[in-house]
Amino acid sequence: KDGDEDYPALMLASHLLGGGGSSRLWQRLREREGLSYDVYATVGWSLYERHSWWVGGAIFAPANRAKVEAAFKEEIARALKDGFSAKELAEGKRALLNARRLGRAQDANLAAAWARYLELGRSFAYSAQVDARIAALTVEQVNAALRKYLDPSRLVLGVATADIARLFLVP
């Protein structure tokens, strides 16, 4: 859950894998191969129990389905096998911390966070602590968290089609 020891490391690992324009999935599927209109990966953190979920997805032309599935699975396997580099880590930290700061600067996000924190007995000092933990992460910690929690054999593939298709991988 969002208070666990591995929370910052897994958050950053997921961000590096599919959290933005410099992520591995985005770079491969959108930029290099031009297979996808959008691609992402994120963790849905539970605030109350040790059961969060990871989802990765892509939006693509149905004709690209096999290539998108293969590329998606290859990038997950590569991240698990080779891990992330120090350069990826530094860029990812900067991007994730900036996104977190921007989120706290938007009224709706700020109000929602405040309500959650009141319910959980937290203050915004908790956000500062998480940010400090993200800033202090090492490549080893991030790679270890990804390997500990992301098991490709437990992913479920779902595809929805219309004019475009969406690929979802959820444990």
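User: What makes Y7, M11, W45, R100 and R116 stand out in the largest pocket?

Analyst: Happy to explain! Of the 26 residues lining the largest pocket, these five lie nearest its centre. Lining residues have an atom within 4 Å of a point; on a 1 Å grid over the protein atoms alone, a pocket is an open set of points where a 1.4 Å probe fits, with protein on both sides within 12 Å along at least five of seven lines. This is a predicted model, where local features need pLDDT of at least 70 and side-chain atom pairs 80 or more, while totals for chains, interfaces and linings use all residues. Residues are numbered from 1 along each chain as its sequence is written, and side-chain values use heavy atoms, leaving out hydrogens and water.

User: Which helix gives the most to that lining?

Analyst: That is α5, with six residues. Helices are DSSP runs of H or I with at least four residues, numbered from the N terminus, and α5 spans 107-120.

User: How do you know which residues of α1 and α6 are in contact?

Analyst: Contact means heavy atoms within 4.5 Å. By that rule, Y7, P8 and M11 in α1 meet Y126, V130, R133 and I134 in α6.

User: Why is the crossing of α1 and α6 called right-handed?

Analyst: A crossing gets that name because the near helix is turned clockwise from the far one by less than a right angle. α1 passes α6 in this way, and the two pack at an angle of about 65° with their axes 9 Å apart. Axes are lines fitted to C-alpha atoms over the stretch in contact, and angles run from 0 to 180 degrees between N-to-C directions.
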